[in-house]
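Welcome to a short set of exercises. Keep the viewer open and try each task before you read its solution.

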Amino acid sequence: MPKMKTNRGAAKRFRATGSGKIRRSKAFTSHILTKKSTKRKRGLRQSGLIAECDTKAIKRMLPYM
């Protein structure tokens, strides 16, 4: 059997935590930042976890994660 291909777009966006959950970065951080409050922008720096319902789809895109 040939190797499975990793979805490269997903590989750049998601990483696994030590416990096996999938970490993601927050959206809305690239531009139009002047109207967003400092508190909101500071919160967007933190990474988040994907929802449990999306885990199966992400793991299918990243077979070697």
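Below are five exercises, each followed by a worked solution.

Residues are numbered from 1 along each chain as its sequence is written. This is a predicted model, where local features need pLDDT of at least 70 and side-chain atom pairs count only at pLDDT 80 or more, while totals for chains, interfaces and linings use all residues, and side-chain values use heavy atoms, with hydrogens and water left out.

**Exercise 1. Find how many helices and strands the protein has, and in which order they run.**

Step 1: Helices (H or I, at least four residues) and strands (E, at least two) are DSSP runs, numbered from the N terminus.
Step 2: The protein has 3 helices and 3 strands.
Step 3: Reading from the N terminus, the order is α-β-β-α-β-α.

**Exercise 2. Compare the radius of gyration of the protein with that of a compact globule of 65 residues.**

Step 1: The radius of gyration is taken over C-alpha atoms, and the globule rule is 2.2 Å times the number of residues to the power 0.38.
Step 2: For a compact globule of 65 residues the value would be near 11 Å, but the protein has 15 Å.
Step 3: Along the principal axes, the C-alpha atoms fill a box of roughly 50 × 25 × 20 Å.

**Exercise 3. List the residues of the largest nonpolar core, then look at the surroundings of isoleucine 50.**

Step 1: Buried means under 20% relative accessible area, exposed over 50%, and partly exposed in between (1.4 Å probe, protein chains only). Of the 65 residues, 15% are buried.
Step 2: A nonpolar core is a set of buried Ala, Val, Leu, Ile, Met, Phe, Trp, Tyr and Cys residues joined through side-chain atoms within 4.5 Å. The largest one has 6 residues: Ala10, Phe14, Ile22, Ile50, Ile58 and Leu62.
Step 3: Contact means heavy atoms within 4.5 Å. Neighbours within four places in sequence aside, isoleucine 50 is in contact with Phe14, Ile22, Arg24, Thr55 and Ile58.
Step 4: Now turn to threonine 55, which lies in helix 3 (residues 55–61). Threonine 55 counts as buried because its relative accessibility is 19%. With the same neighbours left out, its contacts are Ile22 and Ile50.

**Exercise 4. Work out what surrounds lysine 36, and whether the residue is buried or exposed.**

Step 1: Lysine 36 sits in the loop between strand 2 (22–24) and helix 2 (38–45).
Step 2: A salt bridge is a side-chain nitrogen of Lys or Arg within 4 Å of a carboxyl oxygen of Asp or Glu. For charge, Lys and Arg count as positive and Asp and Glu as negative; His and the chain ends are not counted.
Step 3: Lysine 36 is buried and has no salt bridge; aspartate 54, the nearest side chain of opposite charge, is 21 Å away.
Step 4: Not counting residues up to four places away in sequence, lysine 36 touches Phe28, His31 and Lys41.

**Exercise 5. Find the sign of phi for phenylalanine 28 and for isoleucine 32.**

Step 1: Most residues other than glycine have a negative phi.
Step 2: Phenylalanine 28, in the loop between strand 2 and helix 2, has a positive phi near 70°. It counts as exposed because its relative accessibility is 61%.
Step 3: Isoleucine 32 is placed in the loop between strand 2 and helix 2, and its phi is positive, near 55°. At 47% relative accessibility, isoleucine 32 counts as partly exposed.
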